[in-house]
Structure formats: structure tokens, C-alpha cells
Amino acid sequence: MLPLQGIFRVNIAICIMLASASEVAKRSDDTNPLEAVVNRLSQDVTKLQAEVQALKSSAGKKAAFLAKIDSTDYEKVITANSPIHFSTVAFNNGQAFNPTLGVFTAPYSGVYIFSFQLFPHFGGDTLIDFFKNGAIILRARVYDASYSTSEASTMVEHAQAGDQYWLQINKGGQVYSNFHSFFSGALLEPDE
């Protein structure tokens, strides 16, 4: 007669053999497990190749600029109600900013970020308007009757290829130049 521990071990061994046999029986109708793994990995590789291709095509889409109002005497006179000419270009990746006109033309459809700062050398109510294709999309206001102050703003905007952006001020006069007054933008994410 087997001791109690021996019977217990035999019972466990029989249970394990029965469980394994039922697993084999269940899997005999299934596809080869190795073939299933290979198929899943093949699908994963195909998805990864598509993602890599999408990244490669968007990597070539670059557009970024930083332009300043330049003047040798620290101030420059700008004209009211017309695009401000930011003639000193620190960088212009993609050549989408035209310093002669002061206009950025979106080379690609996608999400862009724009920033500006303008420091008029005159007091009073001054409006700085950010335009898209001739329509104001952002207005900054400088108001101080006693002395001049600067105004800065940033905006994230979806653009279509060919959309044009620029800044205008409602009154003419002198503005502080160089690092005091700038306009910048960059493509954050191109449309697919």
C-alpha cells in the first residue's frame, strides 16, 4: 500500500496528464502555434514599416523662421496699416518668410506656432494685428498714455498650404528694433 504522500503525488501527476491531454486536444484543430506567431509578427512588421514611411515623408517638411526689425540706430520708423517689414532674418528654414514683404506663406498644410513682440516708441492706444489671408485672427493692444510699452503674443494655428500671415500696427512711428521687436513661426505638425 502506498503511503498517503505517494497517493497524493500520483493523483497530482494524473491531473497534470489529463490537463495536458485536454490542451493538446483543444489545439489540434487550431493553426500551428508557430505559424500564428509568425503571422502576428509579420503584421507588426508591416505596421512598423508604414509608420517609418510616414515619419520619413513628414521629416522633409520643415518651415521655421525668426525675423527682427533691424536698424542701426536702435529704432525704426514703421508705416501704419501695412505689413511690418522684419528685415533681419536670423533663420528661415524652408524659405517661407519673405523679409521684403514681412509675410510668411505656409509651404505645407499643418499646425503652426507663431510668436511676436513689438515695442512701439510711442504711448497711447496702439493695436497690433496678426493677419491670415487679409483677416485679423489675433489682436494685441498696447495702452499706456505716459510711456511706451511692448506687447508679445503667441498663437497656434492650423494653416493650409499657401495661407499668408503678417503683422500690422494701427499707427505709424518709431519702434525699438533688433531683439525688442520680432516675428517668428514654425511648423509643429504637418498634415498627413
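Which residue of strand 12 does Lys68 stand opposite? In this predicted model, the residue opposite Lys68 is Phe182 of strand 12. The pairing belongs to the contact between strand 1 and strand 12, which run antiparallel and are joined by five bridges. The wider setting of this pair is described below, beginning with the overall composition of the chain.

The chain comprises two helices and twelve strands. In order from the N terminus, both α elements come before the β elements. Of the 192 residues in the chain, 32% are buried. Among contacts with a separation of 6 or more, 73% link residues that lie 24 or more positions apart. The exposed surface of the chain amounts to about 11,900 Å², and 58% of this area is supplied by carbon and sulfur atoms.

Confidence varies along the chain. The mean pLDDT is 81, with 76% of the residues at 70 or more. Helix 1 (residues 4–27) has the lowest confidence, with a mean of 52, whereas strand 5 (residues 103–105) has the highest, at 97. Within residues 21–26 the pLDDT falls below 50, and this stretch makes zero contacts in the model beyond near neighbours in sequence. Where pLDDT is low, predicted coordinates should not be read in detail.

Five strands assemble into an open sheet with the order 3-1-12-6-9 and antiparallel pairing. Its edges are formed by strand 3 (88–93) and strand 9 (151–159), each of which pairs on one side only. On average, neighbouring strands of the sheet are turned by 10° against each other, direction ignored. Strands of a sheet pair through backbone hydrogen bonds, in either a parallel or an antiparallel sense. Besides its pairing with strand 1, strand 12 is joined to strand 6 by eight bridges, again in the antiparallel sense. In this second pairing, Val111 has Glu189 of strand 12 as its bridge partner. Strand 6 (residues 110–118) also pairs with strand 9, through nine antiparallel bridges; here Ile113 stands opposite Val156 of strand 9.

The largest nonpolar core contains 29 residues, and Phe104, Phe130 and Phe183 have the most contacts inside it. Elements that give two or more residues to this core include strand 1 (64–68), strand 7 (126–132), strand 8 (135–142), strand 10 (164–169) and strand 12 (182–190). The greatest contribution comes from strand 6, with four residues.

Several loop residues were also examined. Phe179 is located in the loop between strand 11 (173–176) and strand 12. Phe179 counts as exposed because its relative accessibility is 56%, above the 50% cut-off. The C-alpha atoms of Phe179 and Ile69 are 8.1 Å apart, although 110 residues separate the two in sequence.

Two residues that are not glycine adopt a positive phi: Gln95, at about 55°, and Asn133, at about 50°. Gln95 occupies the loop between strand 3 and strand 4 (97–98), and Asn133 the loop between strand 7 and strand 8. With a relative accessible area of 63%, Gln95 is exposed. Asn133 has a relative accessible area of 44% and is therefore partly exposed.

Conventions
Residues are numbered from 1 along each chain as its sequence is written. This is a predicted model: local features need pLDDT of at least 70, side-chain atom pairs count only at pLDDT 80 or more; totals for chains, interfaces and linings use all residues. Side-chain values use heavy atoms; hydrogens and water are left out. Buried means under 20% relative accessible area, exposed over 50%, partly exposed in between (1.4 Å probe, protein chains only). Contact means heavy atoms within 4.5 Å. Accessible areas come from the Shrake-Rupley method with a 1.4 Å probe; for residues, only the protein chains shown count as cover. pLDDT is the predictor's confidence in each residue, from 0 to 100. Two strands pair if DSSP finds at least two bridges between them. Axes are lines fitted to C-alpha atoms, for helices over the stretch in contact, and angles run from 0 to 180 degrees between N-to-C directions. A nonpolar core is a set of buried Ala, Val, Leu, Ile, Met, Phe, Trp, Tyr and Cys residues joined through side-chain atoms within 4.5 Å.
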